[in-house]
There are 4 protein chains.
Amino acid sequence: CFSNTSVNSSFIDISGVYPPIPTAFSSNGKIDYVKLQENFNTWNTFDFAGYVVMGSNGEAVSLKEDEKLDLVRNVKKMSKPTSTIIAGLGLPTTDQTIEICNRVAEEQTAHAALIISPSFYKGQMNDLVLRKFYEDVADKSKLPIILYSVPANTTIDLSTSLVTALSQHPNIIGLKDSGGDITKISEIVYNVPKDFQVLAGSAAFMLPALLMGCVGGICALANVLGDQVCLLYKLFKDNELKKAVALQKTLISPNAMVTRRFGVPGLKAAMDLKQGLHGGRCRAPLLPLNDGDHKSLVEAFEKCGHPLSR
Amino acid sequence: CFSNTSVNSSFIDISGVYPPIPTAFSSNGKIDYVKLQENFNTWNTFDFAGYVVMGSNGEAVSLKEDEKLDLVRNVKKMSKPTSTIIAGLGLPTTDQTIEICNRVAEEQTAHAALIISPSFYKGQMNDLVLRKFYEDVADKSKLPIILYSVPANTTIDLSTSLVTALSQHPNIIGLKDSGGDITKISEIVYNVPKDFQVLAGSAAFMLPALLMGCVGGICALANVLGDQVCLLYKLFKDNELKKAVALQKTLISPNAMVTRRFGVPGLKAAMDLKQGLHGGRCRAPLLPLNDGDHKSLVEAFEKCGHPLSR
Amino acid sequence: CFSNTSVNSSFIDISGVYPPIPTAFSSNGKIDYVKLQENFNTWNTFDFAGYVVMGSNGEAVSLKEDEKLDLVRNVKKMSKPTSTIIAGLGLPTTDQTIEICNRVAEEQTAHAALIISPSFYKGQMNDLVLRKFYEDVADKSKLPIILYSVPANTTIDLSTSLVTALSQHPNIIGLKDSGGDITKISEIVYNVPKDFQVLAGSAAFMLPALLMGCVGGICALANVLGDQVCLLYKLFKDNELKKAVALQKTLISPNAMVTRRFGVPGLKAAMDLKQGLHGGRCRAPLLPLNDGDHKSLVEAFEKCGHPLSR
Amino acid sequence: CFSNTSVNSSFIDISGVYPPIPTAFSSNGKIDYVKLQENFNTWNTFDFAGYVVMGSNGEAVSLKEDEKLDLVRNVKKMSKPTSTIIAGLGLPTTDQTIEICNRVAEEQTAHAALIISPSFYKGQMNDLVLRKFYEDVADKSKLPIILYSVPANTTIDLSTSLVTALSQHPNIIGLKDSGGDITKISEIVYNVPKDFQVLAGSAAFMLPALLMGCVGGICALANVLGDQVCLLYKLFKDNELKKAVALQKTLISPNAMVTRRFGVPGLKAAMDLKQGLHGGRCRAPLLPLNDGDHKSLVEAFEKCGHPLSR
């Protein structure tokens, strides 16, 4: 039922832990590649499967197309040769999305494209429209596609039946689910083909998601506590469930500080406090944390046994 | 910080699987104890820890006070001597709730009271008001109290900080969480004292909830597939996680049919198709399933390997 | 298409302004009829078309059946002979609702029944179920029925098509719409028969609602500022639109204090500050305003030119 | 309290009716200026105060920056010399928004900028962040700024207190409110300075909004029924309220078809049926109406006395 373009099934293994890296900016508002390199010097010491660039935490919506292409080129260079690079390439229209996917494919700077659901015209984004969007992109993109459901930003939660339908497409290889509904995640894993890979979209529920069949996680918290998030994954793989449960519980409150509660400004603030990492400011309108919020963030990490201070 | 009334901490073990039993009605609209006895004849063959009577699935809001007292008396008689009886006794006011708890306590027909959050005046139900409500009830109730968070019915999701505060009260022994947010459930388990018992409010996410520290589940689906839900619990306790995961996944779609999708009419329709169980009609305004919905329900059970037909 | 019971179309004129009266309680928690009589002494001096008893502001959910019957009897006596009495008589089941309507009808203590939509089983309350509920009640109730849509309490907003269908029933004479969506209100007025009467459910939007065809309002604020709300209605009827608009604008912020913002405790606090009116406490779990909220309430009335202090 | 850049208060009169024009595309996906000119030939015959270009209905999110600058240039040429041109120029970052405002200001192709609230990072878009965003844009934009609240697309409803604060800024001249909460609109009009101009964001509630103090409307429906929407405005200005109310009611259901119900594809489908107007396709992922939806749309216009067919 798919068009007969020459897209072959292009399975790539995306299991493991990925930080969705924030974009470092210098004081003049441009991307700061020196700071980014320093972050990679730290990140490359962890057991990450790879990196997600230009996800929600990368402030993708605030980057221009040229910046995006440049950023992914640099990330490819700064990461390890073995790292899988996943680039956030969803744009408001089908054609724009296909175009940027194929530019990145040509440059061979990423292995897969993470495609956020279009969301501006919420009232029209029913399953039919979303299915056509993703199938058209997958038909024509030379990069394999990973679906991206992030209702906190889009208010659109890709439905089980939609994901199930799309999982049949040879060029759609997985899903990042940031909604965190463990029932829905379990149901999706039950319904899709075995080689369709579901990734938890947050460290907050990575362990139960792994238990139910997810193959890894794209976790904002991994930018800050890379060792701990990788350890959680390893404990699960090693069947050390008791230790995994204990660790998982200590990550929830710190995770909230860098996601739901304080967003990208929270994530960058936490990085700024951590040896070897640089956060810096976000592009406006996002503002830095005020003092009270900064204190709450510091305390949450400390209280759970993961102090930030250098 | 609690009033010095003579309430002693009254821990009772509420771990294990409980069906929140539906109330059988005869054609004249009265409670049908003959049919209920037949259901108990079946239910008592399973490894339930006990029964929840007059929960949301018991149509508690549709029962008058006399009917409630009578129903819990009969349930006490029909259940096994070892069964723990949990009675849904939350009413719109603090005083009414205390009064009915103490009448049931006097009659010794239940071991604990499940107290739904008041919800009519949603705009006023902040953490302060809810905390005072639960503390006042717990102070004066002679039955131990189990908090009940069921946002699908109340639109109120008891917050982690509220539950954490209430978990300190000597007469509040646990929480039934039907919201199903595994992150929130994990966070609560992490924050409360060790003897505070959290129960999953649905079979849909019982396994991940058990993994993260819940001690059991109150599961509508257990009314229909008692053996399977008890097996899921046993597999977890026996550390047979692979089998548990496989079983858990088959329960999600059937569970949706008797909860979120078709509600109590769905639950009763499923019971009517099962050997040894009687569902029957709900009190209006709830209507029986139409033919199309009935077919969807039957198919969901069948497709997941749990056919209903006798 | 309605059952052939002997229900005749029983049009009664419900146009004009009604306060949905709060229920006065004495310190022992019982209904305080002395205080209620004092309130009526004040209220009866205004040009109200009548009174709504046991609406959301009357804490109907916190009253027992005997209290309700007694309360409406007393309200009938305390009001003026010309007052139209509308009693909030909706209960969780169809049968209970019919029963109490007919008891009040027999006692001849109210002219019409305001029936809130059942709402506990939100997932099942589709238009079909709600239509059957209201038609069954209307078929068998000896009191004429007024539909009541109050999504702030029920999260259910009776749809235009549902209200349009129900407006054909000979024993359903009107709608109280507290949702405040002026587009929906206008659409309903456009679709229903001419003698179907729509009442604004709040003083906040009474003037635009009157403009679009509503015949009056049931306004919490009328309990406190009865003269002003009646004046607003009179200005509209007298075609003094400029003055009406100016007055309407001054009522919005005070209205928010006694509804959305602080609920029944806010309403009662405002009454306590007003000469000739008594508010008192609500039944728990509702709590009195704290000092900060009390101050906000006082200031909102003052700032808009309607000071409360005696 | 504003920065001392050389921004002078630049009041311009934005009262009256504006169509937020859709962008015509040719079959190759490019902007079709021939079709657009034909639309203007029709639109220029009506009493519009001007045009809104690149609003939500203009598919602004699907246009690239060059296309935008080109489009507004052409609109300026195609409109009447007396037309006020309002350009939708909000972008995800503060800097990008300022930059495009000033490019359009330099080219003198628009009189004011309509700035949608940034919305991707919903969790962070509190009043403080939004206030800073709008003040920074207003400080540095050489075009006067109109706030734009459109919760159906952004899920962010600019609050009364935020709009009140921003209305003090000399370079913020008004608000387009598409939320349609008449209580909020009235409250805003009551709170802002007299020369701050509020526009109804839809024909569905334009008359009650005008009554409460709005100075006009930006109405998708005006693209299709320009004469009728202008007539509604005229009837209000001429104090012909009875006729205005009657007309307003007939516009609600047709309006729903081209907004909430079927969105921009509905708007374009309606235009395609109207003599002298061309709709055409939207950029994907938006899809054309299916046959059933198309029929519903046609019927809604016909039933309300505004048939579309040529």
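Two strands count as paired if DSSP finds at least two bridges between them, and the strands and helices themselves are DSSP runs (E, at least two residues; H or I, at least four), numbered from the N terminus. This is a predicted model, where local features need pLDDT of at least 70, side-chain atom pairs count only at pLDDT 80 or more, and totals for chains, interfaces and linings use all residues. Residues are numbered from 1 along each chain as written, chains are lettered from A in the order written, and side-chain values use heavy atoms, without hydrogens and water.

**Exercise 1. Work out how the sheet of chain C is laid out, and which residue stands opposite C:Ala200.**

Step 1: get the strand order. Chain C has an open sheet of nine strands, ordered β1-β9-β8-β7-β6-β5-β4-β3-β2, and the pairing is parallel.

Step 2: look at the ends. β1 (16–18) and β2 (20–21) of chain C are the edge strands with a single partner each, so one side of each has no neighbour in the sheet.

Step 3: zoom in on one pair. β8 (residues 197–200) and β9 (residues 216–218) of chain C are joined in the parallel sense by two bridges. Here C:Ala200 sits opposite C:Gly217 in β9(C).

Step 4: add a helix. α7 (residues 182–191) of chain C lies across β6 (145–149), β7 (172–177) and β8. Its direction makes about 170 degrees with β7(C), where axes are lines fitted to C-alpha atoms (for helices over the stretch in contact) and angles run from 0 to 180 degrees between N-to-C directions.

**Exercise 2. Decide whether the faces of β8 in chain D are covered or open, then place D:Ser83.**

Step 1: recall the pattern. In a regular strand, side chains alternate between the two faces of the sheet.

Step 2: check each face. D:Gln197 and D:Leu199 on one side, and D:Val198 and D:Ala200 on the other, are all buried, and both faces of β8 are covered. (Buried is under 20% relative accessible area, exposed over 50%, partly exposed in between, with a 1.4 Å probe and protein chains only.)

Step 3: find the partner. β7 (residues 172–177) of chain D pairs with β8(D) in the parallel sense over four bridges, and D:Lys176 stands opposite D:Leu199.

Step 4: move to the loop between α2 (65–78) and β4 (84–88) of chain D, where D:Ser83 lies. D:Ser83 has a relative accessible area of 2%, so it is buried. Leaving out residues up to four places away in sequence, D:Ser83 touches D:Ala49, D:Gly50, D:Tyr51 and D:His111 (contact means heavy atoms within 4.5 Å).

**Exercise 3. Describe the contact between chains A and D, and say how the two copies are related.**

Step 1: count. Chain A brings 37 residues and chain D brings 37.

Step 2: get the area. The pair buries about 3100 Å², 64% of it on carbon and sulfur atoms; that is the accessible area (1.4 Å probe) lost on putting two parts together, summed over both. A:Phe120, A:Tyr121 and A:Pro285 supply 23% of chain A's share, more than any other three residues.

Step 3: superpose. Chain A goes onto chain D with an RMSD of 0.0 Å, by a turn of 180 degrees and a shift of 0.0 Å along the axis. The fit is least squares on C-alpha atoms of residues with pLDDT of at least 70 in both. The copies are therefore related as by a two-fold rotation axis. The same surface serves both: 100% of chain A's contact residues recur in chain D.
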